[in-house]
Amino acid sequence: MELLQLQYFLAVARSEHVTEAARSLHVTQSSLSKTIQRLEEDLGVPLFDRAGRKLRLNEYGSRFLRRAERALFELEQGKRELGDLSGPVQGTLELAVTSASALTGILREFRRKQPAIQFHVQMLTTQELAALLHRGEVDFGLSSPPLPGDDLECLVVSAAPILVAVPKGHRLDGRSRVSLAELKDEWFVGVKRGFRARDLIDSACRSAGFEPRYVYEGNEPARLASLVEAGIGIGFIPGTARESREHIHYLQVDEHELVMEIALFWRRDRYLSRAAREFREVVVGYFEALAKESS
């Protein structure tokens, strides 16, 4: 069994489509198909049910996938550990986040401390982020807890109240607090279902006796302030993402404990390189400084 066979198998297993997998691997479809066939011959069982170029993992394939992911994960950890021992801090950090509101400040500080380290960031839903962490495809995830699975470490770095943001001139402009029940007739801008903040907010509104009506649902939390400022709707915005804008007013929520925790997640058995440990320190320091500024 060859390492290349395992890498090709993982690509096909995750996309379940020969064309898409070949494109991601930058190889021809025929070469990919032949490599998978040789792997199946080596194992003595078929790994996929086939329907044209569309493949679906069968029971053999599903069981073997877990083992192959583990094997390649361990090899990658060994490569990282040797790289740490043999030379200066370098490489690329793979990051996944559910909100980019704090990302600019964190990455700016990290680049100042480690200019030789590159980073690649993906904006994902909570479920997507958790899947990449479990598969070992990212070094860290920055999201709201909890995330499923016992294989993840969780470090809560922030706990901030969720505020109501309204445009200047709104009927609530000038007030410092508001109850959720007073918002039942409003139109909201927010993130899509699947983001922890959205699930938390919707649940709180239901307990207050109404289902929030959304005029906008997106996957970029940082855009919400601009939409509120433009008068498209009002929004719930975590205190850590609060922007000092001339045409936005923020109110605290009465009665309900609407608090957004932010945590740094990583896979427990993942080797944390010097660059990764440095990044973790930067994240903790960033939110500690933010908490001091707001206190």
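Ala, Val, Leu, Ile, Met, Phe, Trp, Tyr, Cys and Pro count here as nonpolar, Asp, Glu, Lys and Arg as charged, and the others, Gly among them, as polar. With that in hand, let us look at the holes and hollows of this protein, then at one helix and a few residues.

This is a predicted model, in which local features need pLDDT of at least 70 and side-chain atom pairs count only at pLDDT 80 or more, while totals for chains, interfaces and linings use all residues. Residues are numbered from 1 along each chain as its sequence is written, and side-chain values use heavy atoms, with hydrogens and water left out.

## Overall picture

The protein has nine helices and twelve strands; helices (H or I, at least four residues) and strands (E, at least two) are DSSP runs, numbered from the N terminus. Its C-alpha trace spans about 70 × 50 × 30 Å along the principal axes. Of the 295 residues, 45% are buried, where buried means under 20% relative accessible area, exposed over 50%, and partly exposed in between (1.4 Å probe, protein chains only). Among contacts with a separation of 6 or more, 74% join residues 24 or more positions apart; a contact means heavy atoms within 4.5 Å.

## Cavity and pockets

Both kinds of space are found on a 1 Å grid over the protein atoms alone: a cavity is a set of points where a 1.4 Å probe fits but cannot get out, and a pocket is an open set with protein on both sides within 12 Å along at least five of seven lines. Lining residues have an atom within 4 Å of a point. Grid points are joined across faces, edges and corners, and a volume is the space filled by probe spheres set on the points.

| Space | Volume | Nonpolar lining residues | Polar lining residues | Charged lining residues |
|---|---|---|---|---|
| Largest pocket | about 740 Å³ | eight | five | ten |
| Second largest pocket | about 530 Å³ | 20 | seven | four |
| Largest cavity | about 50 Å³ | nine | one | no residues |

The largest pocket is lined by 23 residues, and Leu10, Arg14, Leu72, Glu76 and Glu137 lie nearest its centre. Helices H1 (3-15), H2 (18-25) and H4 (59-86) each supply at least two residues of this lining. The biggest contribution to the lining of the largest pocket is that of H4, with seven residues.

The second largest pocket has 31 lining residues, with Ser99, Ser101, Ala197, Pro221 and Pro238 nearest its centre. Two or more residues of its lining come from each of strands S5 (140-143), S8 (187-191), S10 (235-238) and S12 (259-267) and helices H7 (196-207) and H8 (224-229). Helix H7 gives the largest share of this lining, four residues.

There is one cavity of 30 Å³ or more. Its lining consists of Leu95, Ala96, Val97, Leu103, Phe140, Gly141, Leu142, Leu264, Phe279 and Val283. Strand S3 (92-97), S5 and helix H9 (274-294) each give two or more residues to the lining of this largest cavity.

## A closer look at helix H7

Helix H7 deserves a visit of its own. At 1.5 Å a residue, its twelve residues should span 16 Å, and the end C-alpha atoms are 17 Å apart, which agrees; the expected span is 1.5 Å times one less than the number of residues. The buried residues of H7 are Arg198, Ile201, Asp202, Ala204 and Cys205. They cover an arc of only 165° around the axis, so they sit on the same side of H7; the arc is that of the directions from the helix axis to the C-beta atoms. An α-helix has 3.6 residues a turn, so residues three or four places apart point the same way. The cover over the buried residues of H7 includes strand S6 (152-167), S8, strand S9 (213-218) and S10. Just after H7, Gly209 takes a positive phi of about 100°.

## Three residues to find

Lys54 lies in strand S2 (residues 54-57) and is partly exposed, with a relative accessible area of 38%. Not counting residues up to four places away in sequence, Lys54 touches Ser15, Glu16, His17 and Asp49. The C-alpha atoms of Lys54 and Gly235, 181 residues apart along the chain, are separated by 42 Å.

Glu16 lies in the loop between H1 and H2 and counts as buried at 18% relative accessibility. Beyond four places in sequence, Glu16 touches Lys54, Leu55, Arg56 and Leu57.

Ser179 is in the loop between strand S7 (177-178) and S8. At 12% relative accessibility, Ser179 is buried too, and outside its neighbours within four places in sequence Ser179 contacts Asp254 and Glu255.
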